[in-house]
Amino acid sequence: MSQDCLFCKIAAGKIPATKVYEDDQVVAFRDINPQAPVHVLVIPRQHIATLDDLAPEARAMAGCLLERTAHVARELGLSQAGYRTIINTRGHGGQEVFHIHLHILGGKPMGPMVARG
Ligand code: AMP
Ligand code: ZN
């Protein structure tokens, strides 16, 4: 755990969040500023700042993160209609919280993927 990381604190239950799933490796919770009818963030409990910081040793965890993201989307009832997943990396990627996370966006057609800003 990184002491001053918001998402580490959410994973540890030190800051409240609307969790929709958690196990020993990952936590999923609703985004505080939703950009779609369903907007959930999926994070590993392990603190990794960005996708670029993902080491080969973390491959198993990364696979788990991806597979659990699909599981969470399924539990949220998004699978059949479909949904979008996004990982933002550093400045040009628009990353605001430096603890790796997948966005799940769904509940409406997300349209073509266009970069904003
Ligand atoms: P990113 O820009 O990819 O780093 O995304 C960070 C996301 O975290 C944004 O969509 C924020 O709305 C969301 N966020 C920030 N603080 C919280 C919080 N306390 N609880 C839930 N989501 C948050
Ligand atoms: Zn963290």
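The following exchange concerns the surroundings of ligand 1 and the sheet in a predicted model.

Trainee: Which residues come nearest to ligand 1?

Mentor: A residue belongs to these surroundings if one of its heavy atoms lies within 4 Å of the ligand. There are 16 residues around ligand 1. Those that come nearest are Asp31, Asn88, Glu96, His101 and His103.

Trainee: What is the distance from an oxygen atom of ligand 1 to an N or O atom in the side chain of His103?

Mentor: Polar contacts to ligand 1 involve both backbone and side-chain atoms. A backbone N or O atom of Gly94 lies 2.9 Å from an oxygen atom of the ligand, and a side-chain N or O atom of Asn88 is 2.9 Å from a ligand oxygen. For the side chain of His103, the distance is 2.8 Å.

Trainee: How much of the accessible area of ligand 1 does the protein cover?

Mentor: On its own, ligand 1 has 510 Å² of accessible area. The share covered by the protein is 86%.

Trainee: Which element supplies the largest share of the shell around ligand 1?

Mentor: The shell divides into seven nonpolar, six polar and three charged residues. At least two shell residues come from each of α1 (6–11) and β2 (26–30). The largest share, three residues, comes from α1.

Trainee: What is the strand order of the open sheet?

Mentor: The sheet has five strands with antiparallel pairing. Its edge strands, each pairing on one side only, are β1 (19–22) and β4 (83–86). The order is β1-β2-β3-β5-β4.

Trainee: Which residue in β3 is the bridge partner of Val26?

Mentor: Strands β2 and β3 (residues 38–44) run antiparallel and are joined by five bridges. In β3, the partner of Val26 is Pro44.

How values were computed: Residues numbered from 1 in each chain as written. Chains lettered and ligands numbered in written order. Predicted model: local features only at pLDDT ≥ 70, side-chain atom pairs only at ≥ 80, totals over all residues. Heavy atoms only, no water. Polar contact = N/O pair within 3.5 Å; in protein donor to acceptor, adjacent residues only side chain to side chain. Areas by Shrake-Rupley, 256 points an atom, 1.4 Å probe, with all protein chains shown as cover. Helix = DSSP H or I, 4+ residues; strand = E, 2+ residues; numbered from the N terminus. Nonpolar A, V, L, I, M, F, W, Y, C, P; charged D, E, K, R; others polar. Pairing = 2+ DSSP bridges.
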